[in-house]
Amino acid sequence: MEAGERKKCFLKQRQVLIFFVWLGIAQAGSEPRRYSVAEEMDSGSFVANLLKDLGLEVDDLAARAPRVVSKGKKMRLHFDRQTGDLLLNEKLDREELCGPTEPCVLPFQMLLENPFKFFQAELRIRDINDHSPVFLDKEIILKISESITPGTTFLIERAQDLDVGSNSLQSYTVSPSSHFHLKLQDSSDGTILPRLVLDKALDREEQPEIRLTVTALDGGIPPRSGTALIRIEVLDINDNAPEFAKLHYEAHVLENSPIGSQVAIVSARDLDIGTYGEISYVLSQASEDIRKTFGLNAKSGELLLTQELDFESIQTYTLNIQATDGGGLSGSCVVFVQVMDLNDNPPELTMSTLITEIPENLQETVIAVFSVSDPDSGDNGRMVCSIQDDLPFILKPSVENFYSLVTNTALDRETRSEYNITIIVTDMGTPRLKTQHNITVLVSDVNDNAPAFTQTSYTLSVRENNSPALHIGSVRATDRDAGANAQVTYSLLPPLDAHVPLASLVSINPDNGHLFALRSLDYEALRAFEFRVGAADRGSPALSSQALVRVLVADDNDNAPFVLYPLQNASAPCTELVPRAAEAGYLVTKVVAVDGDSGQNAWLSYQLLKATEPGLFGVWAHNGEVRTARLLSERDAAKHRLLVLVKDNGEPPLSASVTLHVLLVDGFSRPYLPAREVEAADAAPAAPLTVYLVVALASVSSLFVFSVLVFVAVRLCRRGGATSVGRCSVPEGHFPGHLVDVSGTGTLSQSYQYEVCLTGGSGTFKFLKPVIPNFLTQDEERVSEANPSFRNSFEFS
């Protein structure tokens, strides 16, 4: 929000400054408005209300932001934005500002913004009677010969009054005297020159000295006055006055010439001799400034500098020099001194408007408005403005030596965030003088860069059975912007697959992009999943980007092998029948097991842990096939119990065991034993051979009954899909899919079933026939080919 307000404020300033050049030119030629104020008024005094002249109302002042601009660095005026009044910043001394110049005018300009407008104005400073006439010489000495005839006039030193107009010096009076009266004479420059007129011849012997008081009066109300004493010394007769060789002298002096430099030499001569022929030179009618600046050698007439000259203050001086001989006669001449300008003043730069921070991506933005001036004259006062060439800024000239500093292209903070601009103002004098003004412009950030991930996709791996809140990895995005525009916040985006419960699987730290697993993962349930991560900055408007994260769940050996066949939860154990005529390598059965893990954790191996008769049967380690290890004999027990261990290849390995019951039969006349006999056989020792013979004979007598039962059982199997005979339970159909090793690395790719039944129609006994033939391995196929009795079944009558 702060960035938006700052930008809005900046746009307002920019509108003002863009119209500066055009509106300034439009106003430059208009007649300036004139105001007046008396000098010596206190600071803060009211000058005028400018609302009407500016065409504004009081409510408009805040938006238009009027301000006073004048040449020089000293601001003598102040504009009150609350009332529209123009006020004084300080006391104004007309004599200090303008000297004898009348009228005394102080030019200034009024600047308005939103939109920009430019007014020329003048402030006339009215003189008040704040100075009394002053005689620089408190005692005026006149030496007058007694031979002077009545009616002769004598010029006396005039008084000085710094006021002008009606407040300046207006008249003189002199104290009453029988020998003199005062005559006022107007000079060519408008001043009043007092002259004493001799009314009565002097007689030195009667009165050698006469004292008069002259009073100077100005025109103020009430008038001010100043007095001086005129002391008249009566001399002997001197009939020749000094005469100058030239009535007008001209001298050209460079400003800043050292003190004591010669300005000119004046010369006068007197035809008298002796005391009357001795001439002395004095400055006549000289102001205080002239007396401080020049010195005159009374004997030689050499005019010297007593202080340095400044062309910018005074360009010309007019000096009246009077030569007086020993008899009191005098003559005068005028010396015109022209001060020659030197390039001794560097240009001055006054900044009116300055913006030190601008947003990036803006075109034609006004940075500063300033004016330049040089008090020197001629080429010494002509100026050239410039800045560095390698910056995206230009200077545009305006009216009255005003310039605007403007961007000429859009700025990019990410490329450069700060510019140091040096404005160089150089005059054309010799030697050239210059002034430098440094400006630092900061480019504020705009949210123009979206966060960028270090990778477009991330792949993370986590082992199953992890602890909740486990740190599984991190994502990282960077933003080239600054401040809040570069503060990146991470979040999980909605999953593309709605079936993935992403909210319950992972979480992300919004500040640093760390990813955590919220719960324990199960490889067998979820092997991999992917989701999108978003990174958004805090700019306005916010920018964002996204990356894909794929999480791979690594398998852990957390599932023991599961035996599919034979089933261990059947109501009765399954007994495998083996004919005693079976050869070595005869396939008795196959232990079928699967492992829910993958990879080497699902590689199964088989091992015969325990057997009733060791060495008779063997288990193939890689496929679980149980085969006879040798030829069977009549001495081998009829019932055998085998314990097979199924073990995976994980670390640590997990295992399961299965118990197999094998029954050896002769010619399949006794295909199985009743359950009670099986249990008794497990508990009691092996019966003698004679017992088996008796049992065999009993079985022959029961063959017919057995055949009928088998026939009925086959019919039932065909109708109801049953596959069990006697007490052997055989599973039907396919086993559950969750026990299938989908990676293809387990022992079997499908469940494995066997069928044991009799077919009464053909008189054939089918033994150990796989329900799904394609489950046989290559080794099983080779065994089947080598044992046709296994492949085609045994026949009996």
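Colleague: What makes you say that Arg 627 lies over the face of Trp 620?

Modeller: Arg 627 is 4.6 Å from the ring centre of Trp 620. The cut-off on distance is within 6 Å, and the charge also has to be within 35 degrees of the ring normal. The distance fits, and Arg 627 is listed as lying over the face of Trp 620. Keep in mind that this is a predicted model.

Colleague: Fine. Why is the pair of Phe 294 and Tyr 317 called edge-to-face?

Modeller: Take the two numbers in turn. The ring centres of Phe 294 and Tyr 317 are 5.1 Å apart, and rings pair if their centres lie within 6.5 Å. Their planes stand at 80 degrees, and over 60 counts as edge-to-face. So edge-to-face is the name for Phe 294 and Tyr 317.

Colleague: What makes this pair tie together parts that are apart in sequence?

Modeller: Look at where the two rings sit. Phe 294 belongs to strand β20 (residues 294-296), while Tyr 317 belongs to strand β22 (residues 316-324), so the pair links parts that are 23 residues apart in sequence. Phe 294 and Tyr 317 are both buried, too.

Colleague: And why is the pair of Phe 529 and Phe 531 called stacked?

Modeller: Here the centres are 6.1 Å apart and the planes are at 25 degrees. The limits are within 6.5 Å for the centres and under 30 degrees for stacked planes. Phe 529 and Phe 531 therefore make a stacked pair, and both of them are buried. By this rule the aromatic pairs come to eight. There is also an aromatic cluster, formed by Phe 453, Tyr 458 and Tyr 490.

Colleague: How do you know that Ser 284 counts as buried?

Modeller: Its relative accessibility is 8%, and buried means under 20%. So Ser 284 is buried. You'll find Ser 284 in strand β19. Leaving out residues up to four places away in sequence, Ser 284 touches Asn 320, Ile 321 and Gln 322. For the protein chain, buried residues make up 42% of its 797 residues.

Colleague: Which residues touch the most other members of the largest nonpolar core?

Modeller: Phe 244, Tyr 281, Phe 294, Leu 319 and Ile 321 do, in a core of 27 residues. Several strands each supply at least two residues of this core, including β16 (248-254), β19 (280-284), β20 and β22. Phe 294 turns up again here: among the residues it touches are Val 263, Leu 283, Leu 303, Tyr 317 and Val 337. A second, separate core has 26 residues, including Val 488, Ala 517, Leu 521 and Val 533.

Colleague: On to the sheets. What makes β34 and β37 edge strands?

Modeller: Each of them, β34 (470-474) and β37 (506-508), pairs on one side only. They belong to an open, antiparallel sheet of three strands in the order β34-β38-β37. From one strand to the next, the twist averages 30 degrees.

Colleague: How do you know that β34 and β38 pair?

Modeller: Count the bridges. At least two are needed, and β34 has four with β38 (residues 514-517), in the antiparallel sense. As an example, Ser 474 stands opposite His 514 in β38.

Colleague: Why is one side of β25 and of β27 left without a neighbour in the sheet?

Modeller: Because β25 (357-359) and β27 (383-386) stand at the edges, and each has a single partner strand. Their open sheet has four strands, in the order β25-β31-β30-β27, with mixed pairing. β27 and β30 (residues 418-427) pair in the antiparallel sense over four bridges, and Met 383 has Asp 427 as its bridge partner in β30.

Colleague: Last one: which residues of strand β5 point one way and which the other?

Modeller: Asp 85 and Leu 87 point one way, Leu 86 and Leu 88 the other, and all are buried. That fits a general pattern: in a regular strand, side chains alternate between the two faces of the sheet. β5 pairs in the antiparallel sense with β2 (residues 46-49) over three bridges, and with β4 (residues 77-79) over three bridges. Asn 49 has Asp 85 as its bridge partner, whereas His 78 stands opposite Leu 87. The hairpin of β4 and β5 has five residues between the strands, and there Gly 84 takes a positive phi near 85 degrees.

Methods:
Residues numbered from 1 in each chain as written. Predicted model: local features only at pLDDT ≥ 70, side-chain atom pairs only at ≥ 80, totals over all residues. Heavy atoms only, no water. Axes fitted to C-alpha atoms, helices over the stretch in contact; angles between N-to-C directions. Phe/Tyr/Trp six-rings, centres within 6.5 Å; stacked < 30°, edge-to-face > 60°. Buried < 20%, exposed > 50% of the residue type's maximum accessible area, 1.4 Å probe, protein only. Core = buried A, V, L, I, M, F, W, Y, C linked by side-chain atoms within 4.5 Å. Contact = heavy atoms within 4.5 Å.
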